Amino acid sequence: MTLISLAGVNKHFGDYHALRDIDLEIREGEFFSLLGPSGCGKTTLLRLIAGFEAPDIGTLHIDGRDMAGVGPNLRPTNMVFQSYAIFPHLTVAENVGFGLRRAQMDKPDRARAVDEALEMVGLAGYGIRAANALSGGQRQRVALARALILKPKVLLLDEPLSALDKKIREQMQVELMKLQREVGITFILVTHDQEEALVMSDRIAVMFEGGIGQLNDPETLYRRPASKRVAGFIGMMNFLNGRVTATGPEIAVEVAGLGRYRVPAEQAPGGVEEGPVTIGIRPETLSLLFEGERTDRMEVAGRVDEVVYYGDMTYYDVAVAGIDKPLTLSMKNRIGRPVLDVGSPTRVAWDERSLVLLGR
Amino acid sequence: MTGLRAYAIAYLVFLYAPIALLPLFAFNDADIIAFPLSGATTRWFAELTQSASLLNAARNSLIIAATTAVLSTVLGVCAARAASMADWPLKRPMMGLIMLPLVLPEIIVAVSLLVLVVQVFGLGLSNTTIIAAHTLICMPFSIAVLNGAFQNLDPALEEAALDLGETRLSAFRLVILPLVMPGIVSSLLIAFTISLDEFIIAFFLSGANPTMPVYIWGLLRFPGQLPVVMALGTILVALSIVLLIIAEIMRRRGLKRAGLKDRGGFL
Amino acid sequence: MARAALTAGGKRGLILVSPPFLYALLLLAVPLATILLFSFWTQDYLDIDTRFTLANYVEAFNDPLYMQLLRRSLLIAGAVTLVTVVLAFPIAYFVSFHVAPGRKSLWLFLITIPFWTSYLIRVFLWKVILGYNGVLNSGLTGLGLIDEPLSVILYNANAVVITLAHAFAPFAILPIFVALEKIDRSLLEASMDLGETRATTFLRVTLPLAMPGVVAAVLIVFIPTIGDYVTPRLVGGPDGLMIANMIQTQFLKLNNAPMGATLAVLAMLSVTAVSLLFIWLNRRWLRGPK
């Protein structure tokens, strides 16, 4: 069921067009992410839902109610701020219970609610501490408890993990997902980290320059990007030149260096026309063939141009005749599998099912 | 760097030399202000309490300083809060005009207000005119002190309070005011101190009731009164130092409360 | 993130700033404009002749006394500024570079305290220190360093310079200190790493980066000094009187407000001209701040 719907939303800051014609529906109970590079308008969109900004044109409905003229204090949304905005003059418990001031609640009930909220985020017993004495991860949990205690219809998270160390960040990703499933509230996450969005979200809207580039579930977004920009922003992708010679349920395409193939139309999620086309191949769909190794997939000869060793993986750049840039591919490191040297001749196995045709 | 340290200490001696002399002469049992000293006395302090006109001037100055402190802090809170917000057209020239008294010679402020009040409006001079002028010159100092407090505030704190159901007014009361309170106290104290000590403007704009500095200025002309002035000065300096120490403690507490590092001085 | 100029926030800022702005407009801009207006009028015994005239300015430029006072005021203010800033720089440098971070605010506090204590009495005490039978002279004669009390240190321009250099010390130290604090210490390490000595690093890196603070210090000392009234009266003697004393005389003794206004306008104009010249020179030759 749709919980939030935006229609024709535009927002300018002076000459800067921050949001362009946003139409968006966010469902009840889903973990939704707004993903994009900085300046793409994702934070503005979040602040618009929270009520800190008003659209110049367009409408916003939350739970069927028009939000025009409704202040942030009156909306069924609560926010976890990027800086966490923990009130420094209050204790942890006072921070968490801040929003209950207006609720008709007696003291013991309020204290119980605060305790429950703290327990939910794993900070049971921290109530009497001063807010200033907390670590980054703890501040984030306080911010979460403070927002969730009001049982909002929507929880808005503005880059909540960007201030944390890598280890704590990965741990918090999992915890946030669990928490969302537990409380069943709609979460809207703003992030510039594609991995974070892929890991946590039910659906992701990728934004560029104030507009939504593509909206899909993580797998579709990764496997079937609709444009070169989305494909380049999410994960790594090799881009090859090519030419579409026929369209229809099957598309005939000529790939530079690899030959002519017919692929089903679903491999062109953004649609293509006859003529020049960009073709994407993910590195993990390619593999090196070691000496004597055989494959039932297609293969092409090349030469190792660059080797980057990551521990669990090795990334190779392989120069192939007829392709202007070396192909990047990733191989799992296994016992007994050698790491090739730069300059070694090699063969690359590939599959036409992994080609993604990207229109202009 | 011992040379630099020695210089710094010599400089402090230079800064404190006049103030250090003050209590020496205030307790000195002689009618003239000169060395050698000739024994201790508290009679100059006793004489102070006898003077009705002095007490009157003191009361006047306290009323003026207290009113000025409140007015300049209230106006300063408005300006500092506004300055910490987003830009608006003509922000720089507007703030520039408000901060101008910081560099304007006081005599210019004094004579221009004198002309406006007496020659243009034909009004009499009174404590009100002094308060108006002192508020004008204290406002930039209040703003300078309060700017620190307001600019250290994360704007998301106010938004968080709004997001949690408070109105702008209650968010100000519950979140912003407690966080800038130490700044407000420093501002009150500093404006109070400046007004209490200000001479030139008070000299031009005071009516029948002189302020303390104007009264002291009168005394300076009579050599016989100088020891009493020294005693009075000792009390005033002690008072100023106490007020400033409180202001400084408040400023540091404010920084601590906001969880920030101390970056030095008032200004 | 894109959080450019918020129109709503700007509007609230504008509303909030209006009370202090209107206050400054009414009690500063309007009076200053009035002074300017008065300078084009003349005093006609007890009345003001409100016909526009440049007579006051003509008189001011032709009267050697006014011109001498103005010139002297500028010279004294210049000397005070030079002395104050030159004396202040090493202090600011010392506190910024050689005082432990935890003790910096204590030093700043010590430096600012004398500034907040009774101005009149402080100036008067300089008279006590510098006087013929004063602390300095009796100390020096007592030590046998001089035979006769020095008379060059009271009731002349020197005394005014010393006293004002004392009064404006914190005004000079604080801006320079702030500028020095902003200097990224790794810049100094980079300079040493690139082969400069401590001294040349100071000249090529520290000093240019501290210039904005020095410029602020110069302006914040120079401009108010020109209008000082108390110091010349108390320690200046007849040769140490400045333009502010004449402005006071015109307003309160001679009851000639238009002439006083004219002198005030001239004082402001010359201060502004000198300040702008200084800023221009600084930008031209020292590549100072914009």
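This report walks through chain A, the contact between chains B and C, and a handful of salt bridges. Keep in mind that the model is predicted.

**Chain A**

Let's start with the overall build. Chain A carries 8 helices and 20 strands, and its C-alpha trace covers about 75 × 50 × 35 Å along the principal axes. Half the chain is tucked away, in the sense that 50% of its 360 residues count as buried. Contacts reach far along the sequence: among those in chain A with a separation of 6 or more, 67% come from residues 24 or more positions apart.

As for the surface, chain A exposes about 16600 Å², with carbon and sulfur atoms supplying 48% of that area. On the charge side there are 42 positive and 47 negative side chains, and the centres of the two sets sit 3 Å apart.

**Where chains B and C meet**

This contact draws 82 residues from chain C and 86 residues from chain B. Together the two chains bury about 7800 Å², and 83% of that is on carbon and sulfur atoms. How many salt bridges does the rule find across the interface of chain C and chain B? There is 1, and it pairs Glu158(B) with Arg12(C).

**Salt bridges**

Over all chains, the structure holds 26 salt bridges. Here are some of them, with the closest N-to-O distance for each.

| Pair | N to O distance |
|---|---|
| Glu158(B) and Arg12(C) | 4.0 Å |
| Glu219(A) and Arg223(A) | 3.3 Å |
| Arg168(B) and Glu158(B) | 3.1 Å |
| Glu181(C) and Arg185(C) | 3.6 Å |

Take the chain A pair. Glu219(A) and Arg223(A) are 4 residues apart in helix α7 (residues 218–223) of chain A, so about one helical turn separates them. Arg223(A) is partly exposed, at 45% relative accessibility.

The chain B pair is another story. Arg168(B) and Glu158(B) form a salt bridge that links distant parts of the chain: Arg168(B) belongs to helix α8 (residues 168–197) of chain B and Glu158(B) to helix α7 (residues 155–163) of chain B, 10 residues apart. Are these two side chains' owners buried or exposed? Glu158(B) is buried, with a relative accessible area of 12%, whereas Arg168(B) is partly exposed at 37%.

Over in chain C, Glu181(C) and Arg185(C) meet in a salt bridge. Glu181(C) is partly exposed at 23% relative accessible area, and Arg185(C) also counts as partly exposed, at 30%. Elsewhere, salt bridges with shared partners tie Arg81(B), Glu158(B), Arg168(B) and Arg12(C) into one network.

Notes:
Residues numbered from 1 in each chain as written. Chains lettered and ligands numbered in written order. Predicted model: local features only at pLDDT ≥ 70, side-chain atom pairs only at ≥ 80, totals over all residues. Heavy atoms only, no water. Helix = DSSP H or I, 4+ residues; strand = E, 2+ residues; numbered from the N terminus. Buried < 20%, exposed > 50% of the residue type's maximum accessible area, 1.4 Å probe, protein only. Contact = heavy atoms within 4.5 Å. Areas by Shrake-Rupley, 256 points an atom, 1.4 Å probe, with all protein chains shown as cover. Lys, Arg positive; Asp, Glu negative; His and termini not counted. Charge placed at Lys NZ, Arg CZ, Asp CG, Glu CD. Buried area = accessible area lost by both parts, 1.4 Å probe. Salt bridge = Lys/Arg side-chain N within 4 Å of Asp/Glu carboxyl O.
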